[in-house]
Structures are given as C-alpha cells and as structure tokens.
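Grab a coffee and work through these exercises with the structure open beside you. Each one has a task, then a solution in steps.

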Amino acid sequence: MRLQDQRDQLCGGLSAQGFDVVRPEGTYFATVDIHRNAVEFCRELPRAVGVVAIPSSVFYSSTAGDSYVRLAFCKRPEVIEEALARLKGLAP
C-alpha cells in the first residue's frame, strides 16, 4: 500500500499545482502532460529546480509523447514533497 500512497502524493500534488497528470495503475512513474517540448523541459529541469524527469518521447517512434514526461514516485515521502515544492510554478 505504501507505493500507492506515494503515487497519490505525487499525482495529487502535481494536479493541485495545475499539471495534467495521468494517474498510473501499475508502474513507478506518473505521466504528466506539460504542454510543451518534453525533451527541452527535461534538459532544463535539473539545472532550474534540481528535479529529474524522463521525456516520454523516447518510448515512441511518433510524436505521440512529445509533450509528456515521466516522474518517478518510488521515493520517500519527504523527497516527493521536496520535488513538489521545487516544481511549484512550472505548470502550464
């Protein structure tokens, strides 16, 4: 049940900030539509706020994932809370 709680913490926090979140049912990653180029976003994110995301486009041979990123929630609750604080204000 702990992993589900971590998923809900991250997804709920991102949704509350205005991100469009796809709440997963069977993975360690939340998918978020950032409504811009995901590769550029993921390249800038660590330097800008110290959070790492994976552009979903690396899993497609089409443009289907171009605005989606994946964020891992298999982290301690305090790490998720810190990431949410750092991501505040970045929602489209």
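Let's start with one residue: Asp 8 is partly exposed, at 29% relative accessibility. Here buried means under 20% relative accessible area, exposed over 50%, and partly exposed in between (1.4 Å probe, protein chains only). Before going on, keep in mind that this is a predicted model, where local features need pLDDT of at least 70 and side-chain atom pairs count only at pLDDT 80 or more, while totals for chains, interfaces and linings use all residues. Residues are numbered from 1 along each chain as its sequence is written, and side-chain values use heavy atoms, with hydrogens and water left out.

**Exercise 1. Find the salt-bridge partner of Asp 8 and the network around the pair.**

Step 1. Fix the rule: a salt bridge is a side-chain nitrogen of Lys or Arg within 4 Å of a carboxyl oxygen of Asp or Glu. Side chains of opposite charge can pair when their charged atoms come close.

Step 2. Look at Arg 7: its closest N and O atoms with Asp 8 are 2.8 Å apart, and the two form a salt bridge.

Step 3. Check burial: Arg 7 counts as buried, at 15% relative accessibility.

Step 4. Widen the view: Arg 7, Asp 8 and Arg 23 are linked in a network of salt bridges. The whole structure has five salt bridges.

**Exercise 2. Work out how far apart Arg 86 and Glu 82 are in helix α3.**

Step 1. Get the element: α3 covers residues 77-87. Helices (H or I, at least four residues) and strands (E, at least two) are DSSP runs, numbered from the N terminus.

Step 2. Count along it: Arg 86 and Glu 82 are four residues apart in α3, so about one helical turn separates them.

Step 3. Check the contact: their side chains meet in a salt bridge of 2.8 Å, N to O.

Step 4. Add exposure: Arg 86 is partly exposed at 38%, and Glu 82 is partly exposed at 40%.

**Exercise 3. Lay out the sheet and say why β1 and β3 each have a side without a neighbour.**

Step 1. Write the order: the open sheet has four strands, β1-β2-β4-β3, with antiparallel pairing.

Step 2. Read the ends: β1 (20-22) and β3 stand at the edges with a single partner strand each, so one side of each lacks a neighbour in the sheet.

Step 3. Zoom in on one pair: β1 and β2 (residues 29-33) run antiparallel and are joined by three bridges. Strands pair if DSSP finds at least two bridges between them.

Step 4. Locate a facing pair: Asp 20 is opposite Asp 33 in β2.

**Exercise 4. Which element gives the most residues to the lining of the largest pocket?**

Step 1. Define it: on a 1 Å grid over the protein atoms alone, a pocket is an open set of points with protein on both sides within 12 Å along at least five of seven lines, and lining residues have an atom within 4 Å of a point.

Step 2. Size it: the largest pocket holds about 200 Å³ of space, where a volume is the space filled by probe spheres set on the grid points, joined across faces, edges and corners.

Step 3. List some lining residues, among them Leu 10, Val 51, Lys 75, Val 79 and Arg 86. The elements giving two or more residues to this lining are β4 and α3.

Step 4. Name the winner: α3 gives the most, with five residues.

Key
1 Å grid on protein atoms, 1.4 Å probe; cavity = no way out; pocket = protein on both sides within 12 Å on 5 of 7 lines; lining within 4 Å.
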